[in-house]
Amino acid sequence: MESEILYFSPTGGGRKVTEAIRRGMETIDGGNIVPCIFVIPVYGGHMPEPAKRKFNDVLSQDGCPAVLVAVYGNRAFENALTDLDAFVRERGFNPVAAGAFVCEHSYSTEETPIAAGRPDADDMKAAEEFGRQVGEKLASGDFSSVDAGVLKDEPSPEESVKRFSAFVSEFRASQEAKPHKLVPKYDRELCTGCGICVSVCPAGALRDDYSIDASLCINCCACVKSCPAGALDFKSPFAVPLSENFSLRKSPRWIL
């Protein structure tokens, strides 16, 4: 079964999940059915604005079936799928399936691992199975819509949520008192001038001279994770509380 893929995946986790879903769908003969797969990362519990801008001009005139996927860093996907559901419906698509998959968090490092190494082999198998089930649904002639809001997060330990919520409240208070925007730090001595970081930045925040426009930076860490020389580094204040409170493995979830 052929499919059209639209993804916003700064650090590549969503792209890997997408490819696995497509492989699963391709095991099913769906004739001339060409569903559209939308894949987004979760930023602060919502669909990120850069993804909205990227997909803004994608329209369907005939209710094309859409598969909605949110990838998140093992904390929660919250309202991201609901956002995506409303977004694609406004553009004429018909959501027939929705899923949430865990990928390594943008802030994950060796010191503060957050879903490190995911999607792993088990995640990829699950994504292929999801794709296979979507393919079977469409091949059977079932184009019934799903309500992405029905899919709920796998609960985290109550104490972990409380500790993280307390941190977020303290952080917001500090920002109100002294607003500041953190961006990756650039080490000119380590930089080899390869330009990879500039080419992978999805927001255009990295200039050709390797300076960073804080107003454009979305803290996705694509530049940090792609730099072969380790010339970029980002220390998010969220890394430690995320690593400490959301280490229990969460599983893929979906509805059809």
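A cavity is a set of points, on a 1 Å grid over the protein atoms alone, where a 1.4 Å probe fits but cannot get out; its volume is the space filled by probe spheres set on the points. The legends below describe close-up views of a predicted model.

**View 1. The second largest cavity and its lining.** The volume of the second largest cavity is about 80 Å³. Its lining comprises 13 residues, and those closest to the cavity centre are Cys191, Cys194, Cys197, Cys227 and Ala231. By class, ten of the residues that line the second largest cavity are nonpolar and three are polar, while none is charged.

**View 2. The largest cavity and its lining.** Two cavities of 30 Å³ or more are present in the structure, and the largest of them encloses about 100 Å³. Fourteen residues line the largest cavity; Cys201, Ala205, Cys217, Cys220 and Cys223 are the closest to its centre. The lining of the largest cavity holds 13 nonpolar residues and one polar residue, with no charged residue among them.

**View 3. Positive phi angles at Asn219 and Cys221.** Asn219 is located in the loop that runs between helix H6 (196-200) and helix H7 (222-226). Its phi is near 60 degrees, a positive value in a residue other than glycine. Asn219 counts as buried because its relative accessible area is 16%, under the 20% limit. Cys221 is likewise placed in the loop between H6 and H7. Although Cys221 is not a glycine, its phi is positive, at about 65 degrees. With a relative accessible area of 5%, Cys221 is also buried.

**View 4. The second largest pocket.** The second largest pocket contains about 150 Å³ of space. Cys221 belongs to its lining, together with Ser106, Tyr107, Ser108, Thr109, Glu110, Glu111, Val224, Lys225, Asp233, Phe234 and Lys235. Five residues of the lining of the second largest pocket are charged, four are nonpolar and three are polar.

**View 5. The largest pocket.** The space in the largest pocket amounts to about 1,200 Å³. Of the 48 residues that line the largest pocket, Val42, Tyr43, Gly44, His105 and Tyr107 lie nearest its centre. Helix H1 (13-26), strand E3 and helix H5 each contribute at least two residues to this lining; the largest share, seven residues, is supplied by H5. The lining of the largest pocket is made up of 21 nonpolar, 19 polar and eight charged residues.

**View 6. The stacked pair of Phe101 and Trp254.** The structure contains 14 aromatic pairs. One of them is formed by Phe101 and Trp254, whose rings are stacked, 6.1 Å apart from centre to centre and with 20 degrees between their planes. This pair joins distant parts of the chain, with Phe101 in strand E4 (residues 94-102), Trp254 in strand E7 (residues 253-255), and the two positions 153 residues apart. Phe101 is buried, at a relative accessible area of 1%. Trp254, by contrast, counts as partly exposed because its relative accessible area is 25%, a value that falls between the 20% and 50% limits.

**View 7. Aromatic rings around helix H5.** Phe167 and Phe171 form another stacked aromatic pair, with 6.2 Å between ring centres and 25 degrees between the planes. Both residues lie in helix H5 (residues 158-177), where they are four residues apart, about one turn of the helix. Ring pairs connect Phe167 and Phe171 with Phe164, Phe238 and Phe246 in a cluster.

**View 8. The surroundings of Ser60.** Ser60 is found in the loop between helix H2 (49-55) and strand E3 (65-72). Because its relative accessibility is 11%, Ser60 counts as buried. The side chain of Ser60 makes a polar contact of 3.2 Å with the side chain of Asp62, and it also reaches the backbone nitrogen of Cys64 at 2.9 Å. When neighbours within four places in sequence are left aside, the residues in contact with Ser60 are Arg91, Gly92 and Phe93.

**View 9. The cis peptide bond before Pro119.** The peptide bond from Arg118 to Pro119 adopts the cis form, with omega near 10 degrees. Pro119 is situated in the loop between strand E4 and helix H4 (121-139).

Terms used: Residues numbered from 1 in each chain as written. Predicted model: local features only at pLDDT ≥ 70, side-chain atom pairs only at ≥ 80, totals over all residues. Heavy atoms only, no water. 1 Å grid on protein atoms, 1.4 Å probe; cavity = no way out; pocket = protein on both sides within 12 Å on 5 of 7 lines; lining within 4 Å. Nonpolar A, V, L, I, M, F, W, Y, C, P; charged D, E, K, R; others polar. Buried < 20%, exposed > 50% of the residue type's maximum accessible area, 1.4 Å probe, protein only. Polar contact = N/O pair within 3.5 Å; in protein donor to acceptor, adjacent residues only side chain to side chain. Contact = heavy atoms within 4.5 Å. Phe/Tyr/Trp six-rings, centres within 6.5 Å; stacked < 30°, edge-to-face > 60°.
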